[in-house]
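Visitor: Could you take me on a close look at one part of this protein? I'm in my first year, so please keep it friendly.

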Amino acid sequence: MDSALEAALRLRIIDWVHQRAEANGGFLRRDELLDFHIDGQKIPVIDYSRGIRNPSAFASTLSIVSTANGPYDDTEADDGLLHYAYRSGDPWSGDNRKLRHAMTTGQPLILFRKEVANIYTPVAPVYVVDDEPENSMFLIALDESFTFVPDVRHLTQPQREYALRLAKQRLHQPAFRTRVLVAYETRCAICELKHGALLDAAHIVPDSEEAGVPTTTNGLALCKIHHSAYDQNMLGITADHRVDIALDLLAEIDGPMLKHGLQEMHGRFLKLPRKRSDRPDRELLSWRYERFVARTH
Ligand SMILES: [Zn+2]
């Protein structure tokens, strides 16, 4: 395939991945990725068995899959770059050659973080920025700017801080959303709204605090309105999962969103994940509820 055509097709695939993920709530299912069609042609976006997708007509890799290990990724390193091991076989041909080609041409690719079986969080575009033959690995960056850094193996302190901040925004936060939404079966824990595009993963203890880790037990799947209301302490959740609406809001008189969307939630109980290990941590809920009470009473 002509390289300009390949580049254009690649961008359309990345666009589709973003749009579909956004509609689902930030993730894609395996069957959607395998059954992708463009211009009447079927192009699976992942390779299920090998974890690297190199369409035969493409000169550069289209996607790679990494496996989540808690909030972090199996390819993550403390420099904020991803360290992706050479694929098995000849380091200079096949899959490895196509990854190297993505590096020399600067073509973007898609990283899929596999959170749980059959569920993938896309991170795109990412760039192959260096090759370490002595360690049999490629270095992958989350931002095109790293393709212009002369020596990515020795990042300066500000570059490293930037890379780590990017990892938080582009890897950890989207992955947190996926894990929480999947645990809650893509449903707001308060009102049971089921549209992934309108759902967030809310932190119980905010991520500005030390205990504010991106784990499912510090998360709640909430629709955008209930997430904002929770963050603003207009709504509190007790350790026993009861929803409290702030007294001043209960006294207010306004239209249907206030009445049905907020006031009528007062006294409801959260719809929790089926799996016990995914349910919110009582101590974290208590910590947060104390802040709600302090602000509203
Ligand atoms: Zn809701």
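Visitor: Which residue has its charged end over the ring of Tyr-230, and how far is that charged end from the centre of the ring?

Guide: Before we zoom in, keep in mind that this is a predicted model. The residue you're after is Arg-288: its charged end sits over the Tyr-230 ring, 4.1 Å from the ring's centre. There's another arginine to look at while you're here. Arg-291 lies over the face of Trp-287, at 3.8 Å from the centre of that ring.

Now for the metal. A zinc ion is held by the SG atoms of Cys-188, Cys-191 and Cys-223 together with ND1 of His-226, at 2.1 to 2.4 Å. Along the chain, these donors follow the spacing C-x2-C-x31-C-x2-H. Two of the cysteines show how the site brings distant parts of the chain together: Cys-191 is in the loop between helix H4 (157-183) and strand S11 (199-203), while Cys-223 belongs to strand S12 (residues 219-223), and they are 32 residues apart. What about the geometry? The angles between the four donor atoms run from 91 to 119°, and tetrahedral requires all of them to lie between 85 and 135 degrees, so the arrangement is tetrahedral. The two cysteines also differ in how much they are covered. Cys-223 has a relative accessible area of 7%, so it counts as buried, because the cut-off for buried is under 20%. Cys-191 comes out at 26%, so it is partly exposed.

Back to rings, then. The structure holds five aromatic pairs. One of them is Trp-16 with Phe-36: the centres are 4.4 Å apart and the planes meet at 40°, so this pair is tilted. Here too, distant parts of the chain are linked, since Trp-16 sits in helix H1 (residues 3-24) and Phe-36 in the loop between helix H2 (30-34) and S2, 20 residues apart. Both partners are buried: Trp-16 has a relative accessible area of 19%, and Phe-36 has 5%.

Another pair is Phe-146 and Tyr-162, with centres 5.9 Å apart and planes at 20°, so these rings are stacked. Phe-146 is in the loop between strand S10 (137-141) and H4, and Tyr-162 is in helix H4 itself, so the pair ties together parts that are 16 residues apart in sequence. Phe-146 is buried at 3% relative accessibility, whereas Tyr-162 is partly exposed at 30%.

Let's finish with some backbone oddities. Most residues other than glycine have a negative phi, and most peptide bonds are trans. With that in mind, look at the bond from Ala-124 to Pro-125: it is cis, with omega near -5°. You'll find Pro-125 in strand S9 (residues 119-132).

As for phi, Asp-39 has a positive value of about 50° even though it isn't a glycine. Its spot is the loop between strand S2 (37-38) and strand S3 (41-42), and with 59% relative accessibility it counts as exposed. His-241 is also a residue other than glycine with a positive phi, near 75°. It is located in the loop between strand S13 (235-237) and strand S14 (243-245). Unlike the exposed Asp-39, His-241 is buried, at 18% relative accessibility.

Notes. Residues are numbered from 1 along each chain as its sequence is written. This is a predicted model: local features need pLDDT of at least 70, side-chain atom pairs count only at pLDDT 80 or more; totals for chains, interfaces and linings use all residues. Side-chain values use heavy atoms; hydrogens and water are left out. Donors are N, O and S atoms within 2.8 Å of the metal (3.2 Å for Na, K and Ca); water is not among the atoms, so sites may look incomplete. Four donors count as tetrahedral if all angles lie between 85 and 135 degrees; four count as square planar and six as octahedral if opposite donors are over 155 degrees apart and all others between 65 and 115; anything else is irregular. Helices (H or I, at least four residues) and strands (E, at least two) are DSSP runs, numbered from the N terminus. Buried means under 20% relative accessible area, exposed over 50%, partly exposed in between (1.4 Å probe, protein chains only). Rings of Phe, Tyr and Trp (its six-membered ring) pair if their centres lie within 6.5 Å; planes under 30 degrees apart count as stacked, over 60 as edge-to-face and the rest as tilted. A charge sits over a ring if NZ of Lys or CZ of Arg is within 6 Å of the ring centre and within 35 degrees of the ring normal.
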